[in-house]
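These are my notebook entries on one protein model, written down in the order in which I looked things up. I kept each entry to what could be read from the structure itself.

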Amino acid sequence: MKSTPLLDSLSGPSDLKALDYRELEILAEEIRSVIVETTARCGGHLAPSLGVVELTLALHRVFDSPRDRIIWDVGHQSYAHKLVTGRRESFRNLRCRGGCSGFTRRDESPHDVVDAGHASTAISYALGLAVARDLNGEDYEVVAVIGDGALTGGLAYEALNQAGALKKHLIIVLNDNGMSISRNVGAMSTYLTQLRLNPRYVRVKGGIKELIESVPVVGAPTDRLIHSLKERVKNFLIPEFIFEELGIKYVGVVDGHDIRAMEKDLALARGVEGPVLIHVVTRKGRGYPPAEREPDLYHGVGPFEAETGRIKGGGGKPTFTEVFGKVMCDMARAEPRLVAITAAMKLGTGLDDFAALYPSRFFDVGIAEQHAVTLAAGLALGGYRPVVSIYSTFLQRAFDQLVQEVCLQNLPVIFTLDRSGLVGEDGPTHHGAFDLSYLRLLPNMTVMAPGDQEELRDMMWAALEMEGPVAIRYPRGSGRSERVDPRPRPLQLGRAQVVREGEGEVSIIAVGRMVGIALEAAEILSRGGVEAEVVNARFVKPLDEEMLRERARKRRLLVTLEENVLTGGFGEAVAALLKEEKTDCLLVRMGLPDRFVEHGKVEELFSALGLDATSVAGEVMCALGGRG
């Protein structure tokens, strides 16, 4: 690793104030070197953090963290912030179990104001803190750093609207790089691009304001005329009126890689009453050519070769995401009413090929999950068959829309939940630990979980024939299938599948990815003299009631195994079903605990939580009284 003497000499952000601008340039390169070297080894959000290095340094030189509160929206761009706030050593184990989180975490440092992970929240947090500050009679600065991609989320506008109305002093730094994860979409993106790229606005801004203010006012009619002229000229030539009309003072456009320029505007903003928005333009992936060329690919990346940028792994079994993308294209050829919707996740959800082949049937709504679900409802009302593909953790944001707009009206919308269960290194903000619980409670909703990639294909085709809403949840990465034939197999609604016969006293009934772990556990048990049947539940709603009742009558032990919190999950549904059964069968429910699971490799987390094959086998033996 390259030498980083300036970075290593920092004890905290206050040390930055003693550096001159040449030293700051050197420090910025040291920080980028550490970020690239660490993410190459550990994976992580590379491109976002590379783009805000100079912005981070400017913020910490102007403000006094942690007394002043700097809130990073999402938090995945906070690597430079972590490095200058005393976490140089823990950063070496970025996203590893027991190491530094990939997002801001309050329990990790007093410089991290919130536990972040989802977008569009920073302005709301900041406004709340500003109100609390003023109510308490305190005196500190509140700064929200939010990307232009997060401005596609409605929550950001709700906060901007009230910030302008309350007139509380806070500073909003708009980090504009033209991207969220993929390229930004929508009218706001177009508007910011116009601000960013058209130098006419910058040139005329000062001159036009001076000209208008210099016009003499004589009498009331002239006063009204001049006021009207001011507004018309300002609105025509100074497009920041969108923010100004909300009551938020606008400063921009500022080069986000010019520390001196940013410091000047940040310092001026400290003395302005009310809310101020500083429009900063940065380049995502700056300083690392592979990330600059493909910022979407290097937004969140696994381990890679630092010298070349070549991403390691791949080329093996197809991932669930890849299978989903291919099946969507196959289904679109057969069903012209099929449309796809995603929320700033075209690449992450596997819809890039679909978008290229069927652009008029593909809709990226930006970071606006609530809108995505309601848009799908409208398309369904119009006779189309929408597929909404969103990561499990992000669909939580649209729960009300699931209830009111889709399930209440029993509309045929298909939801595919990528990254369900434990996602690994991204940690508690991104684990899809709750979807079986919040989906299972909704009337009219069918909930499925494939045991392998081929079953995902079968479930998608089956969902296309169903009349009401359907949710299919699947994990990140690959499953047990070595290859996936494009031809689907028939799937009977609400029927489970025995994947390992066993004439003994035990049935392990597993959901989704846990089917593979159940099979491994059954092999361990077999070597110990216990023959266990393994059942792939496939359906969480409706349950295969006939199968469950039969197993309860014939078996001594039923074990439910799910990658979801036990509260409200599959095991709880089975327990409720069997409550009235007259049987001596013992039911053991295994799943995620009633707490937020930390970050780390999935295999490590399964082991720590007692959900790996060895632990499952041990639980079975314990329930049987330890005998084999």
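**Entry 1: contacts and overall make-up.** I began with the contacts in the protein chain that have a separation of 6 or more, and I found that 77% of them are between residues 24 or more positions apart. I note here that the model is predicted, and I keep that in mind for every entry below. The chain has 628 residues, of which 57% count as buried, and I listed 25 helices and 17 strands in it. As an example of a pair distant in sequence, I looked up Asn161 and Leu246, which are 85 residues apart along the chain, while their C-alpha atoms are 6.3 Å apart in space. Asn161 belongs to helix H7, which runs over residues 154-166, and with a relative accessible area of 48% it is partly exposed.

**Entry 2: helix H25.** Which residues of helix H25 are buried? In this helix, residues 613-623, I found Ala613, Val616, Ala617, Val620 and Met621 to be buried. They lie on the same side of H25, because the arc they cover around the axis is only 140 degrees. The spacing makes sense to me from a general rule: an α-helix has 3.6 residues a turn, so residues three or four places apart point the same way. On the face turned away from the buried side of H25 I found the exposed residues Thr614 and Cys622. I then asked what covers the buried residues of H25, and the list includes strand S13 (506-510), helix H21 (514-527), strand S16 (557-565) and strand S17 (586-592). After H25 comes Gly625, with a positive phi near 90 degrees.

**Entry 3: cysteines.** How many disulfides does the structure hold? I counted zero, and I checked Cys100 to see what keeps its sulfur unpaired. The closest cysteine sulfur to that of Cys100 is in Cys42, 10.0 Å away, and this is too far for a bond, because a disulfide needs the two sulfur atoms within 2.5 Å. I also looked up how accessible two of the cysteines are: Cys100 counts as buried at 1% relative accessibility, and Cys585 counts as buried as well, at 16%.

**Entry 4: unusual backbone.** Before this entry I wrote down a reminder that most residues other than glycine have a negative phi, and that most peptide bonds are trans. Against that background I noted two cis peptide bonds and two residues with positive phi.

- The peptide bond from Ser65 to Pro66 is cis, with omega near 10 degrees, and Pro66 sits in the loop between helix H4 (53-62) and strand S1 (69-72).
- Lys541 and Pro542 are also joined by a cis peptide bond, where omega is about 0 degrees, and Pro542 sits in the loop between strand S15 (539-541) and helix H22 (545-554).
- Val74 is not a glycine, yet its phi is positive, about 70 degrees. I located Val74 in the loop between S1 and helix H5 (79-84).
- Asn444 is not a glycine either, and its phi is positive too, about 75 degrees. I located Asn444 in the loop between helix H19 (435-440) and strand S10 (446-448).

Are these last two residues buried or exposed, or in between? Val74 counts as buried, at 12% relative accessibility, whereas Asn444 counts as partly exposed, at 39%.

**Entry 5: cavities.** I next looked for enclosed spaces and found three cavities of 30 Å³ or more. The largest cavity holds about 50 Å³ of space. What lines the largest cavity? I read off Pro428, His431, Ala433, Phe434, Arg595, Phe596 and Val597. Sorted by class, this lining has five nonpolar residues, one polar and one charged.

**Entry 6: a pocket.** Last, I turned to the second largest pocket, which holds about 270 Å³ of space. Its lining is made up of 13 residues, and those nearest its centre are Lys2, Arg32, Ser33, Val36 and Glu37. When I sorted the lining of this pocket by class, I wrote down four nonpolar, four polar and five charged residues.

How values were computed. Residues numbered from 1 in each chain as written. Predicted model: local features only at pLDDT ≥ 70, side-chain atom pairs only at ≥ 80, totals over all residues. Heavy atoms only, no water. 1 Å grid on protein atoms, 1.4 Å probe; cavity = no way out; pocket = protein on both sides within 12 Å on 5 of 7 lines; lining within 4 Å. Points joined across faces, edges and corners; volume = space filled by probe spheres on them. Nonpolar A, V, L, I, M, F, W, Y, C, P; charged D, E, K, R; others polar. Buried < 20%, exposed > 50% of the residue type's maximum accessible area, 1.4 Å probe, protein only. Helix = DSSP H or I, 4+ residues; strand = E, 2+ residues; numbered from the N terminus. Arc of directions from axis to C-beta. Contact = heavy atoms within 4.5 Å.
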